Amino acid sequence: MRCEVCGREARKLYPVLIEGVEMMVCDECKKFGKPLTIKKKRVISKQIKKIVPYSKDVFQNMDRDLLPGWGEKIRKAREARGWSREQLGAKVGEKTTTIAKIENEELRPPDKTVEKLEKLLEIQLFEKVEGHVVQNIKKKPLTLGDLIKKDE
Ligand SMILES: [Zn+2]
């Protein structure tokens, strides 16, 4: 093994970077370059995207469809009451711009807001989806301990 800089025979050569060139040099010539560590290919394990469990809200969104023309319905009902978008927004806790977007159906309001709008405007916005009732209630099976406690 010969040093690529001085040409001397060396027992060990080190990879260094000299003027941008990778060279194998002896211990003596090592100081002329930047030490180069041999890159080990790091196996970066693919990060598995954590699947965010659906929240209750998402379930509801999936489950409860809005009736077609819901934006128009909201607008008409609001206008029938002589309310401005600002007034309606204040009542349901949404920005005026949000109300505008909702009425244009550019924005799907959260279920809570839809429920408020339904009550406030006395209109139906949700489509009844049958056979799709999502219940998040986890019933804990009774354990023997529970039974004993009940007897006390
Ligand atoms: Zn050398």
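**A guided tour of the predicted model**

Buried residues account for 14% of the 152 residues in the protein. The structure on display is a predicted model.

**The whole chain**

Begin with the entire chain in cartoon view. Six helices and five strands are present. Followed along the sequence, they are arranged as β-β-β-α-β-α-α-α-α-β-α. With contacts shown between residues at least 6 apart in sequence, 40% of them join residues at least 24 apart.

**The largest nonpolar core**

Next, select W70, I74, L88, V92, I99, I102, V114, L117, L121 and L125, and show their side chains. These ten residues form the largest nonpolar core. Colouring by element shows where they originate: α2 (70-80), α3 (85-92), α4 (96-103) and α5 (111-121) are the elements that each supply two or more of its residues. The largest share, three residues, is contributed by α5.

Apart from this core lies another one, made of five residues. To find it, select C3, V16, V25 and C29, which are among its members.

**L125 and its surroundings**

Return to the largest core and centre the view on L125, one of its ten residues. Which residues does L125 touch, leaving aside those up to four places away in sequence? They are L66, L67, W70, K73, V114, L117 and E118. Of these partners, W70, V114 and L117 also belong to the largest core.

**G69**

From L125, move to G69. The two residues are 56 apart along the chain, and their C-alpha atoms are separated by 8.9 Å. G69 sits in the loop between β4 (65-66) and α2. Is G69 buried or exposed? G69 counts as exposed, because it has 12 C-beta neighbours inside 10 Å, and a residue is classed as exposed when that number is 12 or fewer.

**Where α3 meets α4**

Finally, hide everything except α3 and α4. The axes of these two helices are 8 Å apart, and the helices pack at an angle of about 100 degrees. Helix α3 is therefore roughly perpendicular to α4, since angles of 65 to 115 degrees fall in that class.

To display the contact itself, select the following residues:

- on α3: R85, E86, L88 and G89
- on α4: T96, T98, I99 and A100

By character, the residues of this contact divide into three nonpolar, three polar and two charged. L88 and I99, which take part in the contact, are also members of the largest nonpolar core.

Key
Residues are numbered from 1 along each chain as its sequence is written. This is a predicted model: local features need pLDDT of at least 70, side-chain atom pairs count only at pLDDT 80 or more; totals for chains, interfaces and linings use all residues. A nonpolar core is a set of buried Ala, Val, Leu, Ile, Met, Phe, Trp, Tyr and Cys residues joined through C-beta atoms within 7 Å. A residue is buried if 20 or more other C-beta atoms lie within 10 Å of its own, exposed if 12 or fewer, and partly exposed in between; C-beta atoms are placed from the backbone. Helices (H or I, at least four residues) and strands (E, at least two) are DSSP runs, numbered from the N terminus. Two residues are in contact if their C-beta atoms, placed from the backbone, lie within 7 Å. Axes are lines fitted to C-alpha atoms, for helices over the stretch in contact, and angles run from 0 to 180 degrees between N-to-C directions. Angles under 35 degrees count as roughly parallel, over 145 as roughly antiparallel, 65 to 115 as roughly perpendicular and the rest as oblique. Ala, Val, Leu, Ile, Met, Phe, Trp, Tyr, Cys and Pro count as nonpolar, Asp, Glu, Lys and Arg as charged, and the others, Gly among them, as polar.
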